[in-house]
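Work through the exercises below with the coordinates open. Each task is followed by a solution in steps.

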Amino acid sequence: MDRKISLSWFLSLSFLGIALLPVVGYAFLSLSFFGKGLDSIISANLAQAVQLYAADIPAAGRRGLQNVNGLEIAPRWEDMPAEVRDNLTPPLREGALYKYDLGSWPDPPQQLNFVMRVRADGQDYYVRQGVRQEDASPLVGRQMAETVRILLGVSAVTVAALFLFTRLLIRKVSRPAKALADWAAELDEQRLKETPPDFCYPELNKLAALIRKSLVAEHRSLERERLFLQYSSHELRTPISVVLAATELLRKIMSRRGTDREMEKSIVQRIDRAGHTMTHLVETLLWLGRDVAEMPAPGMVDVDALLKEIVHDTNKLYIEKDLKFVLETAPCRMLLPEAAARIVLGNVVRNAFQHTLRGIIHISQHGGVVEVVNYMARESDLAGDIGFGLGLELTRRLTARLDWLYTSQAFPGRNVVTVRLSETVALPC
């Protein structure tokens, strides 16, 4: 699993990395200046030695390569040792210090050579000083070590101070942010009525006000929806009860008068089924509107019989269309909330009949899987987005809440919808 770094540590390391750049740069700059300082001292010593050489030795004696107090001095470049001529290329700039060593990296140099061209008494002189590692002045070594220790100590203290300052800064900012997150996580209906606490910074206070305003608006919207569902369900139950009571009364009157012909019976049965469907629909809508985890009460449902009934009733509504349907079912009983199953299957089947102008509708059911496919007679019959299953928000919400599989796919010339009903306990199909 990919673990992500926290925001506080990310900012701390970022600030520390940015601060380390000038620290490291100044450390190298200090070492560079230290080296240039040593070069300046050596240059001054070499120039002073040549001046003394020219002043003390007569002009007639200044010929060839001479060794003066460990320094090699010559008035001509050709008089310098072959080692110097092989490692440096004339002309050498007057007063410039040239360095070379005979070692190879990564081995440390055993001898460092300094060469310089100095003008004294109107004549140029070449001087070389070779410094071996074992002959180096202990004082210079101690100074170099002391300089490095001071530089490393100052750098370490600077980095530690920067890290501590960064952590304190991030902590100063993250504490109010964490308080805001905790406050937002604990918001409920009662706390929304209270004024948000002070989170130290105006930006966080503004964010808290926006969160509270958004949640208050959402709460009011949900409250209006809940009240609407309550009022609408209350108002719908009365006319639905009247329809069901009138249907039952009509059935009794027809039975007494002996006029219950087959067509009249069919009409009354359709009215009765529609009334019960509306009752189940109201109950399902109310259940969807409540934020509860419990499922509607299930019962044993003959899936094949329910599907046949839905297709039969739906076909009568679209009898004027030039439609043909093929229905394939297999006996299956499942423990399901019947109202929800009737609504889902009814929407899928009715949408297929509604959005098919002409052609064939193929409906198949095997176990708890129901597939509805409509084939269009011509490609021109597909006008825009008329794929069935699209826009059935109720079906989507209901299947998602019940953990049923619902897919809708549009292909050239046909549309396919699949519904997979699932149950807690199922009898063998």
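**Exercise 1: a polar pair at helix 7**

The model is a predicted one. Task: find which side chain makes a polar contact with the side chain of R342, and state whether R342 is buried or exposed.

Solution. Step 1: the side chain of R342 makes a polar contact with the side chain of E309, at 3.0 Å. Step 2: R342 is located in helix 7, which covers residues 338-355. Step 3: the relative accessibility of R342 is 14%, and the cut-off for buried is under 20%, so R342 counts as buried.

**Exercise 2: helix 7 as a whole**

Task: compare the expected span of helix 7 with the distance between its end C-alpha atoms, then state how many of its residues are buried.

Solution. Step 1: helix 7 has 18 residues, and at 1.5 Å a residue these should span 26 Å. The expected span is 1.5 Å times one less than the number of residues. Step 2: the end C-alpha atoms of helix 7 are 26 Å apart, which agrees. Step 3: of the 18 residues, 14 are buried, so helix 7 is largely enclosed by the rest of the structure.

**Exercise 3: the surroundings of L306**

Task: place L306 in its helix and list its contacts beyond four places in sequence.

Solution. Step 1: L306 belongs to helix 6, residues 303-317. Step 2: with neighbours within four places in sequence left aside, L306 is in contact with V301, A341, R342 and L345. Step 3: L306 and L345 are 39 residues apart along the chain, and their C-alpha atoms are separated by 8.7 Å. Step 4: L306 has a relative accessibility of 4% and therefore counts as buried.

**Exercise 4: a buried asparagine**

Task: state where N374 lies and which side chain its own side chain contacts.

Solution. Step 1: N374 sits in strand 10, residues 369-376. Step 2: its relative accessibility is 1%, so N374 counts as buried. Step 3: the side chain of N374 makes a polar contact with the side chain of T356, at 2.7 Å.

**Exercise 5: salt bridges**

Task: give the number of salt bridges, and describe the pairs formed by K99, R119 and R333.

Solution. Step 1: the count comes to 9 salt bridges, with a cut-off of 4 Å between nitrogen and oxygen. Step 2: K99 and D39 meet through their side chains at 2.9 Å, N to O. K99 is in strand 3 (residues 97-101) and D39 in helix 1, so this pair ties together parts 60 residues apart in sequence. Step 3: R119 and D124 form a salt bridge at 2.9 Å, N to O. Step 4: R333 pairs with D302, with the closest N and O atoms 3.0 Å apart. This pair links distant parts of the chain, with R333 in strand 8 (residues 333-336) and D302 in strand 6 (residues 299-302), 31 residues apart. Step 5: K99 at 44%, R119 at 41%, R333 at 40% and D302 at 35% relative accessibility are partly exposed. Step 6: E72, E83 and R128 are linked in a network of salt bridges.

**Exercise 6: a nonpolar surface patch**

Task: list the residues of the nonpolar patch and state which helix gives the most to the patch.

Solution. Step 1: the patch is formed on the surface by F15, I18, F165, L169 and V173, with about 480 Å² of accessible area together. Step 2: helix 1 (7-56) and helix 3 (138-185) each supply at least two residues. Step 3: helix 3 gives the most, with 3 residues. Step 4: F15 lies in helix 1, and at 37% relative accessibility F15 counts as partly exposed.

Technical notes: Residues numbered from 1 in each chain as written. Predicted model: local features only at pLDDT ≥ 70, side-chain atom pairs only at ≥ 80, totals over all residues. Heavy atoms only, no water. Buried < 20%, exposed > 50% of the residue type's maximum accessible area, 1.4 Å probe, protein only. Polar contact = N/O pair within 3.5 Å; in protein donor to acceptor, adjacent residues only side chain to side chain. Contact = heavy atoms within 4.5 Å. Patch = residues over 30% accessible without salt bridge, like charges linked within 9 Å, V, L, I, M, F, W, Y side chains within 5 Å. Areas by Shrake-Rupley, 256 points an atom, 1.4 Å probe, with all protein chains shown as cover.
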